[in-house]
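Subject: Structure handover

Hi,

Here is the structure for you to look through. Please open it first, then read my notes below.

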Amino acid sequence: MATVQLFSARVGAAAFAAKGKASLEPLRLPATVTVGEARPARRAFRGLVVRAATVVAPKYTTLKPLADRVLVKIKSSEEKTTGGILLPTTAQSRPQGGEVVAVGEGRTIGDKKVDISIQVGAQVIYSKYAGTEVELNDYNHLVLKEDDIIGILETDDVKDLKPLNDRVLIKVAEAEGKTPGGLLLTETTKEKPSIGTVVAVGPGPLDEEGNRIPLSVSAGSTVLYSKYAGSEFKGADGTNYIVLRVSDLMAVLS
């Protein structure tokens, strides 16, 4: 049931006539009145962007990306938890993975033609809010730049992710369970860690001549990174991982 506020000048006038008062003070009804089948008020959220897929007409059956863009067929959202509980649509996590179904011709850096390093058929993970979503042949796809793809994942476990470009895959260190004084911390009071071990590194970014620049860190290094950078994932065994750019690394610990 919905509640509304009502105010009527006529009701106020009637009250005036009945009581014979010299003022025209209106009569206020109770602040809330129960009304059956009332439509809830529409709230305005300024700045909120609703993202909907662009529907491609059925007469178009293929889409060819241009330059350094790729077309990814989006993986379906998980409809159940790992425990088998069905999730409502609003609770299903937005997928960040899919299959590459088409690639552009690449780009030119300086005098060098650089092809896209990702092959058609590769299973990839991409940045959460990257690209433009399109509906093609009744399936949802994403058109995005090659640099928006975090890595290639051919298994169902993020620990096997192969980072691309200047990104690194890090196994996050476990949060401290106690304070220096020995007090036990709950999950909600544990500080978010910003230290981890590098599991895999990308081939490096491209320089002005189109050549790869090797990254300054290697697998096995323990690093300190920016606390709110990167994309977080959970492995099949519950281990926390994060993928971020090497520029978000602040130090190597030893």
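Which residue in strand 15 is the bridge partner of T197? The partner is T222. Keep in mind that this is a predicted model.

That bridge belongs to a strand pair. Strand 14 covers residues 195-201, and strand 15 covers residues 222-225. The two run antiparallel and pair over 3 bridges. In general, strands of a sheet pair through backbone hydrogen bonds.

Now step back to the sheet. Strands 14 and 15 sit in an open sheet of 6 strands. The order is 16-17-13-14-15-18, with antiparallel pairing. Strand 16 (231-234) and strand 18 (249-253) are the edge strands. Each of these pairs on one side only. From one strand to the next, the twist averages 40°.

Next, the nonpolar cores. The largest one has 16 residues. V70, V72, I118, V124, L144 and I149 have the most contacts inside it. Five elements are worth finding on screen: strand 4 (69-74), strand 5 (97-103), strand 8 (123-126), strand 10 (139-145) and strand 11 (149-152) each give two or more residues to this core. Strand 4 gives the largest share, 3 residues. Another core, of 12 residues, lies apart from this one. Its members include V168, V172, I242 and L244.

Finally, take a look at L144. Leaving out residues up to four places away in sequence, L144 touches D68, R69, V70, V72, Y126, A130, G131 and I149. Among these, V70, V72 and I149 are also on the list of residues with the most contacts inside the largest core.

Best wishes

Technical notes:
Residues numbered from 1 in each chain as written. Predicted model: local features only at pLDDT ≥ 70, side-chain atom pairs only at ≥ 80, totals over all residues. Heavy atoms only, no water. Pairing = 2+ DSSP bridges. Helix = DSSP H or I, 4+ residues; strand = E, 2+ residues; numbered from the N terminus. Axes fitted to C-alpha atoms, helices over the stretch in contact; angles between N-to-C directions. Core = buried A, V, L, I, M, F, W, Y, C linked by side-chain atoms within 4.5 Å. Buried < 20%, exposed > 50% of the residue type's maximum accessible area, 1.4 Å probe, protein only. Contact = heavy atoms within 4.5 Å.
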